[in-house]
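Hi everyone, thanks for having me this morning. Let me put the model up on the screen, and then we can walk through it together.

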Amino acid sequence: MAAHPSILVEVDDADGAATFARVAAAGDDPSSFLHAVGGYLLTSTQRRFETRTGPGGKPWPQLAPRTARERVKKGYGTTNILRRRGLLYGSYTYVVSADAVEEGTNDPRAAIHQFGGEIRHYARSQRIYQHYSAKTDVYDRRPRKKSKSNFARWIEIGEHTITIPARPALGIDDDDRKAIVETGDNWLAGVVGGGR
């Protein structure tokens with residue numbers, strides 16, 4: 001995960017810092033606590049894909065009208081933003097080290113969706129597949145899969161830029177901080193009470 005853009009979140013509020021200090025002072029192996037935090041963060045991130053909101057509940061931008069029309073036409077719908085195939089959604093994971101937990105993904109597409117930005121496409125030639133009906137002597141201009149085509153041609157596509165809005169999934173908001181503190185308190189109660 002370190003090879004891709006990441007977000008570092010430091011716990012600097014009094015409650016969170018106190019909880020982490022108490023965990024460190026407990027002198028026990030904190031890996032189960034860190035795994036619990038990692039599991040919570042992963043669930044929180046996946047929930048943001050499901051609700052189409054970023055940290056703090058801010059709604060993600062809707063699909064561009066043209067993209068929405070194309071998705072409806074193909075039967076994908078417009079509500080599963082960034083989840084049509086589930087590859088990005090399922091790529092997030094977490095790793096635990098001796099004293100930290102890190103959540104992220106190795107999917108290179110995650111950065112552009114997390115932060116937003118522009119993707120530049122250079123001019124190129126591309127082969128497209130279409131269908132010709134000998135019966136009606138009509139070319140169906142809609143592109144098709146190669147397996148469902150009987151006609152191919154080359155087209156020129158000019159240079160253009162696509163703007164991708166930010167749809168952040170990673171991050172920690174106030175609700176996450178509270179949950180992490182509760183996780184720490186529960187872990188500490190288990191240590192003190194011998195529940196681990």
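Let's start with Asp107, which counts as buried because its relative accessibility is 11%. The side chain of Asp107 meets the side chain of Arg109 in a salt bridge, with 2.6 Å from N to O. And Arg109 itself? With a relative accessible area of 40%, Arg109 is partly exposed. Please keep in mind throughout that what you see is a predicted model.

How many salt bridges does the structure hold? There are six. Let me show you two others besides the one we just saw.

Have a look at Glu159 and Arg120. These two form a salt bridge as well, and their closest N and O atoms are 2.7 Å apart. Glu159 sits in the loop between strand 6, residues 151–157, and strand 7, while Arg120 belongs to strand 3, so this pair ties together parts that are 39 residues apart in sequence. Glu159 counts as partly exposed, because its relative accessibility is 47%.

Now for Asp173 and Arg48. Their side chains also meet in a salt bridge, this time at 3.4 Å from N to O. Where do the two partners lie? Asp173 is in the loop between strand 7, residues 160–164, and helix 5, residues 174–193, whereas Arg48 is in helix 2, so the pair ties together parts that are 125 residues apart in sequence. Are these partners buried or exposed? Asp173 has a relative accessible area of 15%, so it is buried. Arg48 is at 4% relative accessibility, and therefore it counts as buried too. If you are following on your own screen, add Asp176 to the view: Arg48, Asp173 and Asp176 are linked in a network of salt bridges.

Let me zoom out for a moment. The chain has five helices and seven strands. Reading along the sequence, you meet them in the order α-α-α-β-β-α-β-β-β-β-β-α. Of the 196 residues in the chain, buried ones make up 27%.

Next, the aromatic rings. How many aromatic pairs are there? The count comes to four. One of them is Phe49 with Trp60: the ring centres are 5.5 Å apart and the planes are at 85 degrees, so we call this pair edge-to-face. Phe49 lies in helix 2, residues 31–51, and Trp60 in the loop between helix 2 and helix 3, so the pair ties together parts that are eleven residues apart in sequence. Both Phe49 and Trp60 are buried. They also have company, since Phe49, Trp60, Tyr89 and Tyr92 form one aromatic cluster.

Here is something about the backbone. Most residues other than glycine have a negative phi. Which residues here have a positive phi without being glycine? Arg52 is one of them, with a phi of about 55 degrees. You will find Arg52 in the loop between helix 2 and helix 3. Its relative accessibility is 28%, so Arg52 counts as partly exposed. Leu82 is another, with a positive phi near 65 degrees. Leu82 is placed in the loop between helix 3 and strand 1. With a relative accessible area of 19%, Leu82 is buried, because the cut-off for that label is under 20%.

Let's stay in that loop and turn to charge. Arg84 also lies between helix 3, residues 65–73, and strand 1, residues 93–96. Together with Lys73, Lys74 and Arg85, Arg84 forms a positive surface patch. The relative accessible area of Arg84 is 36%, so Arg84 is partly exposed.

My last stop is Gly116. Look for it in the loop between helix 4, residues 110–115, and strand 3, residues 117–121. At 21% relative accessibility, Gly116 counts as partly exposed, because buried would require a value under 20%. Now find Ala166 as well. Gly116 and Ala166 are 50 residues apart along the chain, and their C-alpha atoms are separated by 3.8 Å.

That's the tour, and I'm happy to go back to any part of it. Thanks for listening!

Conventions
Residues are numbered from 1 along each chain as its sequence is written. This is a predicted model: local features need pLDDT of at least 70, side-chain atom pairs count only at pLDDT 80 or more; totals for chains, interfaces and linings use all residues. Side-chain values use heavy atoms; hydrogens and water are left out. Patches are made of residues with over 30% relative accessible area and no salt bridge: like charges are joined within 9 Å, nonpolar side chains (Val, Leu, Ile, Met, Phe, Trp, Tyr) within 5 Å. Accessible areas come from the Shrake-Rupley method with a 1.4 Å probe; for residues, only the protein chains shown count as cover. A salt bridge is a side-chain nitrogen of Lys or Arg within 4 Å of a carboxyl oxygen of Asp or Glu. Lys and Arg count as positive and Asp and Glu as negative; His and the chain ends are not counted. The place of a charge is taken as NZ of Lys, CZ of Arg, CG of Asp or CD of Glu. Helices (H or I, at least four residues) and strands (E, at least two) are DSSP runs, numbered from the N terminus. Buried means under 20% relative accessible area, exposed over 50%, partly exposed in between (1.4 Å probe, protein chains only). Rings of Phe, Tyr and Trp (its six-membered ring) pair if their centres lie within 6.5 Å; planes under 30 degrees apart count as stacked, over 60 as edge-to-face and the rest as tilted.
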